[in-house]
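Hi everyone, thanks for making time. I'll put the structure up first, and then we'll walk through it together.

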Amino acid sequence: MSTPFLSVRDLRVHFSTHDGVVKAVDGLSFDLEKGRTLGIVGESGSGKSVTNMAILGLHDPRNTTMDGEILLDGKELITAGERELEELRGNKMSMIFQDALASLSPYHTIGAQIAETYRKHTGASKKEARARAVEMLRRVGIPQPDIRVDDYPHQFSGGMRQRAMIAMALVCDPELLIADEPTTALDVTVQAQIMDLLKDLQQEFGTAIIFITHDLGVIADIADDVLVMYGGRCVEKGSKKEVLNTPEHPYTLGLLGSMPSLDGPVDVPLSPIPGAPPSLLNPPSGCRFHPRCSFAEQVPGGLCSTERPTLEITDGRGSACHLTPGQKRELFADHAPARTN
Amino acid sequence: MLRFLIRRTLGAAVILLIISALVFVLFYAAPRDPARIACGKVCTPETLALVKKNLGIDHPLPVQYWDWLKGLFVGRDYTSFGHCDAPCLGYSFQNREPVLSTILDRFPATISLALGSSVVFLVFGIGTGMLAAVKQGKALDKVASSASLIASSMQIYVVGVFATYLLVDQLHWLDRANYTPFTSDPVGWAQGLLVPWLVLSLIFTANYTRMTRSQMVESMSEDYVRTARAKGLSRRTVFFRFAWRGAMGPIITIFGLDLGTLLGGAIITEQTFSIQGLGRLSVKAVSTNDLPMLLGVVLVAAAAIVVFNIVVDAVYALIDPRVRLA
């Protein structure tokens, strides 16, 4: 088997703070092929964004230690120099951020911000870069792009800003696109448009996409594969169907249970996961989810609080849980079945 | 832009009008009578009346204010001094010279002091602040931060005297402070002002270092700065084109106010170094009950602050497209 386009192996991202070392990502591995979309799900602070900032090398080296391996098209990124990374950023790999208003510079026009990326990586003239910016804005569906190109971000609506952000990320035809909750701040109709846009662009260019979200509905719409993160680790991985229809980890089950269903009866109460996300300064022993897990006592010998469950992956499918497959079938059966097609 | 300027200029005129009226009222609220002082030891009621007439203060207060105001626009005739062309700020009670020409005579010294020290403290303050922001938490940052805290708590009348003693009297490195007009001797102008510039800058530099550092640290953690890095732009480009752009606004605002204040006369600095600028003029006007002079100096100082406020607002709109002038 050839090496995957993006391969992350045993990634560890630790931040040193005044209070101690925060293990934001603690041994994460995954692969991604071109033309595929990987959805990364998890609560706030589960390490989703940190992982992707690490791929782009955007963490502050002064307080961050990174270990493991990130191979993009065979090139190791963790040990790469700043210059090499600058060459790749915005060019071969690029990123869309959640809050487009805060993430776009208020001091420069939309066109200038798009053109800047293009000029940096292609050495195009100002005129060419501007024409490219207009073309990109047209492609992401901004009306009258030749006029709007000179607008500032605050003159755009929320949905248009996110489109402009996507135009900026795609201006150099990146092979890897990381979308960090790009639709979270948008209303649902705009959200659907943005996701359609991403899907179209992926079809056209065969881009590999990492889509970070805490919204399983969005995952059901856009992802091919799903990786569920909890407390800086991967707790479950598989195809979208597998993870959403037959979850193998109590945390995934909990996430599905806390999502309202439109198909089922409306008066079924949601079952949120009790407790709060774990502290990464002082994470729980054993399985990091055990203090919140309603099945922890089903595992004999209090194993959940003492031993870290290993993540066994077979054919891209697996989970990190001490429960046996038989126990899961039995215990998970009572819970609301997920729905996806 | 034009509407903004017109509106603000009208506003400025109103402010200056109010200030001049306040100075007028406050001056006459003071117990000392300028005519009585000018009249001398042997003062009969007749001579007192004559002195009052000569000084132009023989009418009731509102009339006097009106005369003064009118003088600004159409000029004014004095019995003892003759005609005073518009804009007429009146004659000094003390030295019997036109106020305007005295102010124009002293203003260059104040401007030189203000502009020269501004250049020094902007360059050093912003430069050190940027370095401290880049080296955040490192030794250089700690040294710069604590040094600026110490410097900003210094006082000019202490540092000024000490600097003169050390740099001029003992080491003979620099010239004693004095003002030579730039037009007659540019080198002498700079040499004579170097010590006051450095001393005045010391305190301001410290403030600008601290402000630049904190603004830069804040703007470097902005999302759009991260985006700029994610686009593949170099650290340097991101630092100057994005982070600095965001940090500039507050710094310019404060600078506008500081410059306005400095142009109104750095009273303590001028006093410390015996430089004949607006600051000393205002001290003298107060101590000699010289109303026309005091009015003139206060108006110039107020005008400087008001004008630089307008300039700051206009510049702010240039820096930040989200700010609209209206």
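Let's start in strand 1 of chain A, residues 6-17, because that's where D10(A) sits. Keep in mind that we're looking at a predicted model here. What's odd about D10(A)? Well, D10(A) isn't a glycine, and yet its phi is positive, about 50°. And is D10(A) buried or exposed? The count for D10(A) is 11 other C-beta atoms within 10 Å, so this residue is exposed.

There's another aspartate to look at, D173(A). D173(A) also isn't a glycine, and it has a positive phi of about 50°. To find it, go to the end of helix 7 (158-170) in chain A and look in the loop that leads to strand 7 (176-180). D173(A) has 14 other C-beta atoms within 10 Å, so we call it partly exposed.

Okay, let's zoom out to chain A as a whole. How many helices and strands does chain A have? You can count 13 helices and 11 strands. The radius of gyration of chain A is 21 Å, and the globule rule gives 20 Å for 341 residues, so chain A is as compact as a globular protein of that length. If you'd rather picture a box, the C-alpha atoms of chain A fill one of roughly 70 × 50 × 45 Å along the principal axes.

What about the inside? Of the 341 residues in chain A, 45% count as buried. Then there's the contact pattern: take the contacts in chain A between residues at least 6 apart in sequence, and 65% of those join residues at least 24 apart.

Now for the partner, chain B. Where the two chains touch, chain A puts in 23 residues and chain B puts in 16. Which parts of chain A supply at least two residues each on that side? That would be helix 2 (82-88), strand 6 (93-96), helix 3 (100-103) and helix 4 (110-122). Helix 4 of chain A gives the largest share, with 4 residues. Sorted by class, the side of chain A that touches chain B comes out as 9 nonpolar, 8 polar and 6 charged residues.

Last thing, confidence. The model scores ipTM 0.86 and pTM 0.81. For chain B, the average pLDDT is 86, and 99% of the residues score at least 70. Among the elements of chain B, helix 9 (residues 223-230) has the highest mean pLDDT, at 93, while helix 2 (residues 34-39) has the lowest, at 76.

That's my tour, thanks for listening.

Terms used. Residues are numbered from 1 along each chain as its sequence is written. Chains are lettered from A and ligands numbered from 1 in the order in which they are written. This is a predicted model: local features need pLDDT of at least 70, side-chain atom pairs count only at pLDDT 80 or more; totals for chains, interfaces and linings use all residues. The radius of gyration is taken over C-alpha atoms; the globule rule is 2.2 Å times the number of residues to the power 0.38. A residue is buried if 20 or more other C-beta atoms lie within 10 Å of its own, exposed if 12 or fewer, and partly exposed in between; C-beta atoms are placed from the backbone. Two residues are in contact if their C-beta atoms, placed from the backbone, lie within 7 Å. Ala, Val, Leu, Ile, Met, Phe, Trp, Tyr, Cys and Pro count as nonpolar, Asp, Glu, Lys and Arg as charged, and the others, Gly among them, as polar. pLDDT is the predictor's confidence in each residue, from 0 to 100.
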